[in-house]
Amino acid sequence: MHEDTSLTVGRVKRVLTERVVPAIHSKRVPLEIAAHQLPGEPIAPADGLALDFEPFSAGSMWGPAWGTTWFRVRGEVPAEWAGKKVEALVDLGFDVNMTGFQCEALAYRASDSGPVPIKSLNPRNQWLPIDAEAGQAVEFYLEGASNPVLLDYHPFLPTQEGDIQTSSPEPLYRVRHMDLAVFESEVFELSLDLDVLLELQAELPETSPRRMRILQALDDALDVLDLQRIIETAPDARAQLAEVLAAPAEASAHRIAAIGHAHIDSAWLWPVRETVRKVARTTSSMTTLIEEQPQFKYGMSSAQQYAWMKEHRPEVYARIKAAVAEGSFLPLGGMWVESDTVMPTGESLVRQFSHGQRFFEREFGIRSKGVWLPDSFGYSPALPQLMRRAGFEWFFTQKISWNQRNVFPHHSFLWEGIDGSRMFTHFPPMDTYNSQLSGVEVAKASRQFKENRVATRSIAPVGWGDGGGGTTREMTGKASRLADLEGSAKVEWKHPDEFFDEAKAELTDPAVWVGELYLELHRGTLTSQHATKALHRWAEQALIEAELWAATASVRKGAEYPHEEFDRLWQIVLLHEFHDILPGTSIAWVHREAVEVLTKVVADAEELSTAARTALAGEGDRILRFTPTSVGEGRALGAAEAAAEGETATLTERPDGFLLENDLVAVTVSAEGLITSAIDKATGRETIPAGKPANLFQLHQDFPNMWDAWDIDRYYKNRVDDLTQVTDISASVIDGAATVLVKREFSESRITQTIVLRPGSRTVMLQNDVDWHETEKLLKLAFPLDIFARETLAETQFGFQRRVTHVNTSWEAAKFETSMHRFVLAQEDDGFGAALVNDSIYGYDTSREVDGDDVTTTVRLSLLRAPRFPDPDTDHGHHEIEVGFVIGADAAAATTEGIALNAPSTLVRGADEVAPLVGVTGEGIIVSSVKLADDRSGDVIVRVYEALGRRASGELTVDFPHSGIREVSLIEDDLDDARTGGALSLRPFEVRTLRVTRA
């Protein structure tokens with residue numbers, strides 16, 4: 001009997017690593033290799049198999065960064081291997097520590113009907129099944145992708161390898177071998193027996209009987225294992241382990257619902273085109289694993305990734321469809337991509353759901369019951385309502401476990417949004433979406449599960465992500481051993497829908513978390529890659545406006561509504577909302593393409609709007625103002641003749657600067673271009689505290705401890721430079737607007753700012769043209785306000801969220817950089833406040849200072865950053881950022897000004913005014929969108945919401961022949977007991993979608 005625990009553990013580890021695992025493949029013979037390196041972009045598999053191949057030998061280098069090399073591999077199964085299971089072993093130069101982040105390959109075999117995908121090859125999955133008998137020929141092809149390693153052991157070194165335009169042409173990888181080998185199944189099973197028991201005993205109490213018996217069984221197994229005859233003695237060794245592996249789990253054991261998974265970022269440290277191939281490689285492996293192990297279930301989200309397979313890899317897609325039909329390959333999430341949920345508009349999130357669910361229903365005849373978002377950088381408090389109104393029943397994520405400071409108190413709970421809607425939500429307590437089903441992970445799930453007193457189950461997404469190939473046969477082997485094993489949680493492959501049904505049934509009174517799921521990390525994602533963010537915002541609005549005018553032209557003039565074109569353009573926008581594209585955390589290649597593609601989307605959407613407006617206006621010489629929102633004057637959501645401009649703001653030059661004035665406000669701009677006074681004339685209130693000017697550009701050192709493009713760490717505030725020097729300042733009245741032009745130069749950059757006060761407006765517009773060439777800096781625009789604001793109101797989807805300005809607790813202190821959409825408002829209890837509206841930014845911070853009787857609330861907007869990883873030139877170049885300073889604002893004024901800035905009216909020469917299709921009455925009720933129904937029926941869809949956080953009553957008016965109005969779901973499904981008619985009674989921040997049936 002062996003009693004020294006450490007000796008047993010050390011003995012098992014060495015034998016497993018050095019003897020058992022190498023013996024899984026016994027006899028080996030080399031294969032014949034030929035290769036063809038492509039000079040440019042990837043080609044179709046059929047073309048790859050038809051290439052001319054040159055001889056290639058193991059030990060040779062291959063593959064420059066982002067290149068593709070096709071290998072043709074041939075051989076013959078030796079006659080003496082008759083009756084043996086044969087596999088190919090391929091090592092393209094893999095590093096197991098870089099799984100998903102280096103070279104990969106997809107294996108094909110030729111057939112009369114074309115290339116047949118086999119499975120992927122990657123650092124953790126270097127084998128291929130061989131369907132050949134002894135003496136038969138073997139031939140397969142490899143599409144090798146030589147992606148460079150960008151996330152190395154020190155992951156934050158600037159590199160030019162992140163764009164094919166700047167990467168090195170030198171080969172990166174050396175083929176180590178391509179062999180045929182005999183697969184020894186008993187040795188493989190022994191390796192899993194030893195691995196599971198070794199990991200299990202490490203998590204058990206040190207002197208527990210169960211641990212002691214496992215250790216004894218391990219010693220007994222190794223005592224009968226002849227290290228020079230592993231294959232022959234493996235069955236005897238396994239027999240010694242059979243009893244401890246058969247001991248059933250305790251009745252109270254935690255239950256883990258395992259789901260095969262491969263979190264594949266739709267772009268990140270690779271371009272979109274490479275994601276297409278990563279999906280093809282991984283899904284080929286997963287369908288192969290499903291065929292071999294029918295109990296295994298694999299889940300994949302993102303309709304976009306399925307659509308890519310349908311378009312680019314139909315041979316892979318056919319296997320996916322077959323596995324979906326069998327119920328083993330599970331479409332999850334109901335979204336077009338796993339998007340960011342903080343920055344997209346409400347309409348974008350609606351389209352994520354509608355395009356995702358429409359695709360899954362059209363292709364597979366199913367709908368997703370839940371939203372699957374393991375890895376996004378915080379979650380909007382508007383999301384619970386949107387999920388519920390889109391028909392979802394549950395929400396899954398994991399990312400909040402990354403919090404820097406506060407441990408989230410729940411794993412299964414109800415999440416309550418800004419309108420009071422609640423959604424059943426689960427976070428996996430093993431804190432990963434790439435589980436290997438290791439002993440540590442399984443024990444952690446049991447130990448950390450916050451609801452252990454009243455619930456018994458959690459989810460484990462199992463598999464290597466990002467091209468690592470998903471779930472492996474080693475993981476499924478572990479799962480079978482952990483199904484019912486003493487000392488461990490019980491593991492079962494299960495559809496997440498089934499898990500959530502069971503979890504809700506046993507957790508009858510779940511805890512409630514109210515408000516945003518704020519991620520205490522990755523705060524820089526609100527600012528990095530401004531050009532991507534700005535173009536995305538503009539593309540969203542351009543499409544919403546194009547839908548309005550196209551619907552109006554269809555109803556009024558019988559024009560064709562371009563459904564297919566809208567679907568195409570929206571799907572491009574939705575792809576770029578992926579949580580590593582819109583947040584600005586991808587390589588230079590991704591953002592270079594994003595700027596190009598989104599610029600084209602804006603242009604195409606504007607072309608659709610122009611065509612519709614032209615059709616509506618007709619030929620004539622009247623100047624018509626088309627207003628695309630429900631908050632404008634005149635014919636909002638339609639067009640009226642533009643009124644002649646009559647009023648003029650005044651500009652007075654003073655020794656210390658300029659006074660800009662109209663009937664509503666008086667604003668003083670200093671000789672340094674700073675706003676030193678902003679008076680609301682109706683109340684006489686001064687908005688700027690004495691000696692603390694606003695419109696102050698501030699430059700911070702910005703070098704986080706980790707995750708350069710992702711993070712802003714709180715110590716960035718310790719160093720700041722106020723940019724008060726001007727190189728030139730001038731003022732004039734232009735088209736009735738008082739205008740001050742300010743030019744600044746600092747470090748390597750320049751800012752040209754135009755300060756504009758128009759007649760009849762309480763908003764000072766700040767048009768910023770920035771030529772930015774900084775390194776590891778953060779540019780803020782500060783507004784100290786003579787306002788005692790207990791909280792800020794920051795717009796989110798279909799409403800706003802309140803955030804306190806104090807830091808009483810660690811939860812508030814962690815929110816030192818937070819999100820907004822079109823506005824942030826600081827307001828006193830009596831309703832007086834000031835708002836900042838913008839056209840392209842998302843991050844801000846707030847502080848409150850008390851000096852005697854004076855209280856100053858400072859709101860600072862985050863304009864630009866300059867991190868160096870993964871894009872060493874992040875944000876370098878020219879940016880246009882427009883900000884509005886709204887003096888004497890409340891929530892209604894902030895909402896109106898934010899909408900007006902982002903959706904301005906358009907002047908068109910024509911003949912006819914255009915009556916709006918629909919209108920709304922009721923204070924605070926906003927029309928979000930007007931479009932034709934997705935089902936091509938010609939019905940008109942109108943989405944409205946309450947924007948001010950209070951109950952509202954009003955009416956939807958319709959100005960075209962119709963036979964009825966009824967409420968539908970957010971994605972236009974019919975509802976049981978749907979409310980009908982145009983009367984509107986909305987709860988605070990409620991969203992309603994109405995279908996107007998054409999007569």
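User: Which strands form an open sheet of three, and in what order?

Analyst: In this predicted model, the order is S46-S49-S51, with antiparallel pairing. Strand S46 (918-921) and strand S51 (983-986) are at the edges; each has a single partner strand, so one side of each has no neighbour in the sheet. On average, neighbouring strands here are turned by 25 degrees against each other, direction ignored.

User: How do you know that S49 and S51 are paired?

Analyst: Two strands count as paired if DSSP finds at least two bridges between them. Strand S49 (residues 952-958) and S51 have four bridges, in the antiparallel sense, so the pair meets the cut-off of at least two. Within it, Ser 953 has Ser 985 in S51 as its bridge partner.

User: What is the strand order in the open sheet of nine strands?

Analyst: The order is S32-S33-S34-S35-S44-S41-S40-S37-S38, and the pairing is antiparallel. Strand S32 (728-734) and strand S38 (799-804) have a single partner strand each, so they stand at the edges with one side lacking a neighbour in the sheet. Here the average turn between neighbouring strands is 20 degrees, direction ignored.

User: What makes S41 and S44 partners?

Analyst: Five bridges join strand S41 (residues 833-838) to strand S44 (residues 877-887), and the two run antiparallel. The rule asks for at least two bridges, so S41 and S44, with five, are a pair. Ala 835 stands opposite Val 886 in S44.

User: Why is the contact between Arg 358 and Asp 567 called a salt bridge?

Analyst: The cut-off is 4 Å between a side-chain nitrogen of Lys or Arg and a carboxyl oxygen of Asp or Glu. For Arg 358 and Asp 567 the closest N and O atoms are 2.9 Å apart, so the contact qualifies under the 4 Å limit. Arg 358 lies in helix H9 (residues 346-364) and Asp 567 in helix H15 (residues 563-575), so the salt bridge ties together parts 209 residues apart in sequence. By this rule the count is 79 salt bridges.

User: Which residues gather in a patch of negative charge on the surface?

Analyst: They are Glu 645, Glu 647, Asp 663 and Asp 735. Glu 647 is in the loop between strand S24 (639-641) and strand S25 (650-654).

User: What is the omega of the peptide bond joining Phe 869 and Pro 870?

Analyst: Omega is about 5 degrees, and the bond is cis. Most peptide bonds are trans. Pro 870 lies in the loop between strand S43 (854-865) and S44.

Technical notes:
Residues are numbered from 1 along each chain as its sequence is written. This is a predicted model: local features need pLDDT of at least 70, side-chain atom pairs count only at pLDDT 80 or more; totals for chains, interfaces and linings use all residues. Side-chain values use heavy atoms; hydrogens and water are left out. Patches are made of residues with over 30% relative accessible area and no salt bridge: like charges are joined within 9 Å, nonpolar side chains (Val, Leu, Ile, Met, Phe, Trp, Tyr) within 5 Å. Accessible areas come from the Shrake-Rupley method with a 1.4 Å probe; for residues, only the protein chains shown count as cover. Lys and Arg count as positive and Asp and Glu as negative; His and the chain ends are not counted. The place of a charge is taken as NZ of Lys, CZ of Arg, CG of Asp or CD of Glu. Axes are lines fitted to C-alpha atoms, for helices over the stretch in contact, and angles run from 0 to 180 degrees between N-to-C directions.
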